[in-house]
Amino acid sequence: MMKISVNATWEHGTPATRVRTAKHEFTIDEPNQRGGDGLAANPMEMLLGAVAGCFIGVGRMVAKERGIVLNHIKMHVEEDLDPAGLEGSNPSVRPGAQDVRLIVEVGTDAARDEVEAWLAETERRCPVADTIRSAVPVSVRLKGIA
């Protein structure tokens, strides 16, 4: 089993949230109308970008394993989200995405049936798509108050 973690920090007077991984750092923010400064992608945009990046990375690996030569992979990822859940104005509405769609364009000379099999295998092996799809338990605990 492999453990992956990040650390995130926001402090009063600073814009956005800084996220640090083992080797990288990036910023996540909210738009002005949601209390942020609009300086970086919001968390849901990051999630959609993460699924696209993961899908493309796994797709490249699967193509290599299958001997498929790819010239490009282009993705459009979109979700439906009802703001009433996030805003708390309707407690019966989930705050998360209602639906996520990945639209994939592939540049290759491979036959359509090979590309469809590649796409199915890539979807099956993409850990971010699997995590979104699988309703993974999320636990939250308070470490302390400083």
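**Overall fold and charge pairing in the predicted model**

In this predicted model, 45% of the contacts in the protein chain with a separation of 6 or more join residues that are 24 or more positions apart. The chain contains 4 helices and 5 strands, and a walk along the sequence meets them in the pattern β-β-β-α-β-α-β-α-α. The radius of gyration is 18 Å, well over the 15 Å given by the globule rule for 146 residues, so the protein chain is more spread out than a compact globule. Along the principal axes, the C-alpha atoms fill a box of roughly 55 × 35 × 30 Å.

The surface comes next. Of the 146 residues in the protein chain, 21% are buried. The chain exposes about 10,900 Å², and carbon and sulfur atoms supply 54% of this area.

Charged side chains offer a helpful way into the details. The protein chain carries 17 positive and 21 negative side chains, and the centres of these two sets lie 9 Å apart. Side chains of opposite charge can pair when their charged atoms come close. Across the whole structure, a search finds 11 salt bridges.

One of these salt bridges joins the side chains of E25 and R18, with an N to O distance of 2.7 Å. E25 counts as partly exposed, at 37% relative accessibility. R18 is likewise described as partly exposed, with a relative accessible area of 36%.

Another salt bridge links R101 with D80, and here the closest N and O atoms are 2.9 Å apart. R101 belongs to strand 5 (residues 99-108) and D80 to strand 4, so this pair ties together parts that are 21 residues apart in sequence. R101 is partly exposed, at 25% relative accessibility, and D80 is also classed as partly exposed, with a relative accessible area of 37%.

Helix 3 provides a further pair to look at. The side chains of E121 and R124 meet in a salt bridge with an N to O distance of 3.0 Å. These two residues are 3 residues apart in helix 3 (residues 112-125), a separation of about one helical turn. What is the burial state of each partner, buried or exposed? E121 is buried, with a relative accessible area of 17%, whereas R124 is exposed, with a relative accessible area of 56%. The pairing also extends to other residues: E65, E121, R124 and R125 are linked in a network of salt bridges.

E79 completes this tour of the charged residues. The place of E79 is in strand 4, which covers residues 70-80. E79 is buried yet has no salt bridge. Which side chain of opposite charge is nearest to E79, and how far away is it? That side chain is R101, at 8.8 Å. A salt bridge requires a side-chain nitrogen of Lys or Arg within 4 Å of a carboxyl oxygen of Asp or Glu. R101, as described above, has a salt bridge with D80. When neighbours within four places in sequence are left aside, the residues in contact with E79 are M44, L48, A97, D99, V100 and R101. R101 therefore appears twice in this part of the picture, as a contact of E79 and as the salt-bridge partner of D80.

Methods:
Residues numbered from 1 in each chain as written. Predicted model: local features only at pLDDT ≥ 70, side-chain atom pairs only at ≥ 80, totals over all residues. Heavy atoms only, no water. Buried < 20%, exposed > 50% of the residue type's maximum accessible area, 1.4 Å probe, protein only. Lys, Arg positive; Asp, Glu negative; His and termini not counted. Contact = heavy atoms within 4.5 Å. Rg over C-alpha atoms; globule rule 2.2 N^0.38 Å. Areas by Shrake-Rupley, 256 points an atom, 1.4 Å probe, with all protein chains shown as cover. Charge placed at Lys NZ, Arg CZ, Asp CG, Glu CD.
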